[in-house]
Amino acid sequence: MSSVQALISYAFISVTLALAIRLAGFWITSNMALAMESVHVVIDVVITLFVLVAIWITKASFAKRLSYGLFKLEDLVSLFIALFIVYFALDFLLSSGLVLASMSFEAAAFELASLVPLFIAGYAKGLAGSMLKSPSLKADGKHTYTDVYEGMGVGAGLLLFAFSHITAFYYIAILIAFMTLIFTAYSIGKDSILSLLDLPKDESVRREIITIAGSVEGVKQVKEARIRWAGPVIFVEIVVEMEPYLTIDESHPL
């Protein structure tokens, strides 16, 4: 089994463990917060499956026959993840008051315990995404991290309310988790939109490409450089002015 396959397997095992912990907590405490959190874990698994299907499509043989492949499919999936996080954050914020009456220390303990395997899953996805240079898998890893941040807010709210019975602690924790989710969605969605619209994601990359092309012996100057980000790849079109003493046959290899 390759390293990437092993990491993805670890991620699925970890997410399954987190789901089992939350379902066990719901069964023992009947706390609706844990029921909602269990549903969120199931959604996380579904999103990961969508991401893996998208990666498989972009690497399929039929996609390679296309001029620019289907690499932007990964950017579309990343944008979907960002939009889902926004929806999830709003739903989490609006529904948080519905579970206030069933707070308990035991529920907080189960919620916080489930964050450890979730963190491992997010790390495994992010590392696998870096190895594959897959923006959608890295975005999915960040999405799993948002589940951890949100879970910390829920767990802190449950814990502080259980000890103090002061509802302000709960709402402060919820608000912090909400703001973290929105920031994560912004960071994922921004790169996806820039890539889909062929806008520059990193101007320093373009400058570096111009510097490298201009340093080739025989190149007088780089007159134009167009860069298109598409998933894990960058397509580059450059127009260069060659030294006048070069023949056409000499210029073409350069």
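The radius of gyration I will quote is taken over C-alpha atoms, and the globule rule that goes with it is 2.2 Å times the number of residues to the power 0.38. With that in hand, and keeping in mind that what you see above is a predicted model, let me begin with the overall form. A compact globule of 254 residues would have a radius of gyration near 18 Å, whereas this protein has 24 Å. The extents of the C-alpha trace fit into that picture, since along the principal axes the trace spans about 85 × 40 × 25 Å.

Turning to the secondary structure, the protein has nine helices and two strands, and if you read along the sequence you meet them in the pattern α-α-α-α-α-α-α-α-β-β-α. Of the contacts between residues at least 6 apart in sequence, 72% join residues that are at least 24 apart.

Next, burial and surface. Of the 254 residues in the protein, 41% are buried, and the accessible surface comes to about 13700 Å², with carbon and sulfur atoms accounting for 70% of that area. As for charge, there are 17 positive and 22 negative charges, and the mean positions of these two sets lie 4 Å apart.

I would now like to look at one charged residue in particular, namely Glu111, which sits in helix α5. Is Glu111 buried or exposed? Its relative accessible area is 0%, and because the cut-off for buried is under 20%, Glu111 counts as buried. Which residues does Glu111 touch, once its neighbours within four places in sequence are left aside? The contacts are with Arg22, Leu34, Glu37, Gly151, Val154, Gly155 and Leu158, so that list includes both a positive residue, Arg22, and another negative one, Glu37.

Finally, two loop residues deserve a careful look at their backbone. Most residues other than glycine have a negative phi. Lys133, however, has a phi near 55°, which is positive in a residue other than glycine, and this lysine lies in the loop that runs between α5 (105-132) and α6 (135-164). Lys133 is exposed, with a relative accessible area of 57%. The second case is Asp198, whose phi is near 60°, again a positive value in a residue other than glycine. Asp198 is placed in the loop between α7 (167-196) and α8 (203-214), and with a relative accessible area of 31% it is partly exposed.

Note on methods. Residues numbered from 1 in each chain as written. Predicted model: local features only at pLDDT ≥ 70, side-chain atom pairs only at ≥ 80, totals over all residues. Heavy atoms only, no water. Helix = DSSP H or I, 4+ residues; strand = E, 2+ residues; numbered from the N terminus. Buried < 20%, exposed > 50% of the residue type's maximum accessible area, 1.4 Å probe, protein only. Contact = heavy atoms within 4.5 Å. Areas by Shrake-Rupley, 256 points an atom, 1.4 Å probe, with all protein chains shown as cover. Charge placed at Lys NZ, Arg CZ, Asp CG, Glu CD.
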